[in-house]
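Got the structure open in your viewer? Let's walk through it stop by stop, with something to select each time.

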Amino acid sequence: MAMAAHHHHLRPYLATATALFLAFTSAPLDAGDPLGQFCGTGFNYTLNSTYQGNIQRLAATLPRNTSASPTLFAKDTVGAVPDIVYALALCRGDTNASACSDCVATAFQDAQQLCAYNKDATVFYDPCLLRFSNQNFIASPSNSDDKVLILMNTQNVTAPFKVFDAAVAVLLNATAAYAAANSSKRFGTGVERFQTFDSKNPTIYGLAQCTPDMSPADCRRCLSGIIQMAPKYFNGKPGGRILGLRCNYRYEQYSFFTSTPLLQLPEPTVGAPAPAPAVVNGTPTVPTNGGARGTTGKKTGRVLAIALPIVAAAILATIVLCSCLWRRKRKPGKSTLPDTTNPEDIQSIDSLIIDISTLRAATENFDEANKLGEGGFGSVYKGILPDDQEIAVKRLSQTSRQGMEELKNELVLVAKLQHKNLVRLVGVCLEDHEKLLVYEYMPNKSLDTILFNHERCGELDWGKRFKIVNGIARGLQYLHEDSQVKIIHRDLKASNVLLDYDFNPKISDFGLARLFGSDQSQDVTNRVVGTYGYMAPEYAMRGHYSIKSDVFSFGVLILEIVTGRRNGGSYSSDEYADLLSLVWEHWTTGTLIDIMDSSLSSLAPRDQMLKCIHIGLLCVQDDPADRPMMSTVNVMLSSSTVTLQAPSRPAFCIPKSGFSEMNSEGYPPGASQSASRSPMSLNDVSITELEPR
């Protein structure tokens, strides 16, 4: 398959383990480029060695043996120890014999190039897979945990996530059961339609396969293992795929296999009788629970419509009563904490209260010698509590623009968050007209105080910078995807990343953050707040914010970390308008090395640095839908073999005239396809208020 045969709907697919996900239409399958590969780490062979000769012998016979088999599967062993080679090849169940033979033959050629002189190589294509090794793996009926390729669509479905994910689970399990029990090829395909609340009827197509030498029980066990991984990677995703040597599955919202589906799941219809059994190859099958789902859902809806208002009224009355009693119990002379309608929030904040006398003693009455930094909202002081715990006290000024609403917001959010890459809130004090927030002390202060300081930037070698990038990415993933509530930070920047003794990063300052419901993906505001240079275009111009707004800010931050340059430079005609424009020109001309931070050692891994810039450019793309999720970013950062898609021109990119564009392959010429200074500040937030158009 030629690389030019891409389709526009394939663009958002990324592999979480090795490669860009390229799907295929119902046209005849060919090998094309590999979806991904795994190379061994233990042993190599030499040119013209006996081991290489044994690989070539297998390359001459295994493609023919695989395509000639009714199950499109073959395994073989050639040679003797220490030059023995074990090999296994499998073609997809709907592949024709000619395409199967060609794919396996291509796999042998590519494996020897992609894993040059490596005795162990695994390579995956859409129509086939191959592994050869000096280790006897062919007797094992299970996938190797370190050789599972996970490919995802980075878009989100339009249907409600929970409804769609439940339908996917039903389809995958049914298709896996069919593949394990009803096919000598251990191959199954299925189709399912389901109703959503907006009366749309999406269709999902699924495929599951095991190697035919596996027993039905082993096949089902293998498929169950990788299907259980789906919620971690594919929640709300319109397509996903996990490829292992012994079993694999895939689902999409379009037909991606060539044959008629072997399994047709009955469509659950609201309010209708249970459907008749579906027919598979002329044999009636027992329907899933979908048949009874509609009537039950209708009855449940009626009950909820009656019960919810009553329950809500009772809860509201309880909250009001608890709130009143709580206020009465407060000591005279102490300011009450901000009102909140959630009793759990009140309890979590109340448990963090620290007396003003304790904080005055800890900071030596806010002595100037203990001041760590100063910003738009006030000053930050170092302190030591009676138990010798070091703290940073954020003292909001009387004229601070961070009002009680922002303060309440930060208290409620940070008190609930527990992650090693988020700053920990130690306490709060609202006495004597003071507004004090107490955080764990970060001895290396904020990232900007080192990164943009000519005298100190050398302290951040590449190892520390890469650690910081990874930590910020993990913290954002927690906020967006892994915490109990979905949180949009809205002001991620270098001064809001604090560094501990070991330069581990911690995201701080949640005064501008917003909490989303589990099914909410974006919102609109007419009060745009944040920091110039980090704000996504859809937010700065139209007030639209989402988790992808934070991804944009992360993209700017990662480019700053690699280059050592602050975004938002001069607007003179002789210079670039900003860092994004500078990086983009060097990306398109293949000269990214020229803009790396000069303080970094020449021994710093260039491939890793280039990959970080590549990821940064993916994050600052103009269309929020094109920006990856943070979970995808973490996969790209952690994998040493991932191939990244080409980014589009960044948002707000104002290039110099005359620079070259991307080449015809979507990558810049020479670019790899693999992958005045401010004073110190701490917990400082800048606000830029714009009127959205």
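Start by selecting Arg-186, which sits in the loop between helix H3 (161–181) and strand E8 (187–193). Keep in mind throughout that this is a predicted model. Look at the backbone here: Arg-186 has a positive phi of about 55°, although it is not a glycine. Is Arg-186 buried or exposed? Its relative accessibility is 13%, under the 20% cut-off, so Arg-186 counts as buried.

For another residue of this kind, go to Tyr-117. You'll find Tyr-117 in the loop between helix H2 (97–114) and strand E5 (121–124). Tyr-117 is not a glycine, yet its phi is positive, at about 60°. As for its surroundings, Tyr-117 counts as partly exposed because its relative accessibility is 35%, which falls between the 20% and 50% cut-offs.

Now select Val-81 and Pro-82 together and check the bond between them. That peptide bond is cis, with omega at about 15°. Pro-82 belongs to the loop between strand E3 (73–78) and E4.

**Into the cavity**

E4 turns up again at the next stop, the largest cavity. To find the middle of it, select Arg-92, Asp-126, Arg-241, Leu-243 and Asn-248, which lie nearest its centre among the 17 lining residues. The elements that each give two or more residues to this lining are strands E4 (85–91), E6 (128–133), E9 (203–210), E10 (240–243) and E11 (247–252). Which of them gives the most? That's E11, with three residues. The volume of this cavity is about 130 Å³. Colour the lining by class and you should get eleven nonpolar, two polar and four charged residues.

**A lysine with an annotation**

Next, select Lys-394. The UniProt record, an unreviewed entry, lists Lys-394 under "binding site". Lys-394 lies in strand E17, which covers residues 390–396. How accessible is Lys-394? Its relative accessible area is 2%, so Lys-394 is buried.

Keep Lys-394 on screen and add Gly-373, a residue of strand E15 (371–375). Draw a distance between their C-alpha atoms: you should read 9.5 Å, for residues 21 apart along the chain. Gly-373 counts as buried too, because its relative accessibility is 7%.

**An asparagine in a loop**

Move on to Asn-444, in the loop between strand E19 (435–440) and helix H10 (448–451). Asn-444 is in a loop, but with a relative accessible area of 13% it is buried. What does Asn-444 touch, leaving out residues up to four places away in sequence? Show Thr-449, Ile-450, Arg-456, Leu-499, Asp-500, Tyr-501 and Phe-503, and you have its contacts.

**A tryptophan and its partners**

Select Trp-462, which lies in helix H11 (residues 462–482). Trp-462 is buried, since its relative accessible area is 6%. Now bring up its contacts beyond four places in sequence: Val-562, Leu-600, Ala-604, Pro-605, Gln-608, Met-609 and Cys-612. Zoom in on Gln-608, whose side chain makes a polar contact of 2.6 Å with the side chain of Trp-462. Then add Ile-561: its C-alpha is 9.4 Å from that of Trp-462, although the two are 99 residues apart in sequence.

**Last stop: helix H14**

Finish with helix H14, residues 579–589. Ten of its eleven residues are buried, so H14 is largely enclosed by the rest of the structure. To see which ones, select Leu-579, Leu-580, Ser-581, Leu-582, Val-583, Trp-584, Glu-585, His-586, Trp-587 and Thr-588. What do these buried residues pack against? Show helix H13 (547–563) and helix H15 (606–619), and you'll have both partners on screen.

Before you close the viewer, check the two ends of H14. At the start, a side-chain oxygen of Asp-578 comes to within 3.3 Å of the backbone nitrogen of Leu-580. Just after the helix, select Gly-590 and look at its backbone: phi is positive there, at about 70°.

Technical notes
Residues are numbered from 1 along each chain as its sequence is written. This is a predicted model: local features need pLDDT of at least 70, side-chain atom pairs count only at pLDDT 80 or more; totals for chains, interfaces and linings use all residues. Side-chain values use heavy atoms; hydrogens and water are left out. UniProt positions are given in the numbering used here, feature names are shortened, and annotations may be inferred rather than shown by experiment. Helices (H or I, at least four residues) and strands (E, at least two) are DSSP runs, numbered from the N terminus. Buried means under 20% relative accessible area, exposed over 50%, partly exposed in between (1.4 Å probe, protein chains only). Contact means heavy atoms within 4.5 Å. A polar contact is a pair of N or O atoms within 3.5 Å; within protein, one must be able to donate a hydrogen and the other to accept it, and residues adjacent in sequence count only if both atoms are side-chain atoms. On a 1 Å grid over the protein atoms alone, a cavity is a set of points where a 1.4 Å probe fits but cannot get out, and a pocket is an open set with protein on both sides within 12 Å along at least five of seven lines; lining residues have an atom within 4 Å of a point. Grid points are joined across faces, edges and corners, and a volume is the space filled by probe spheres set on the points. Ala, Val, Leu, Ile, Met, Phe, Trp, Tyr, Cys and Pro count as nonpolar, Asp, Glu, Lys and Arg as charged, and the others, Gly among them, as polar.
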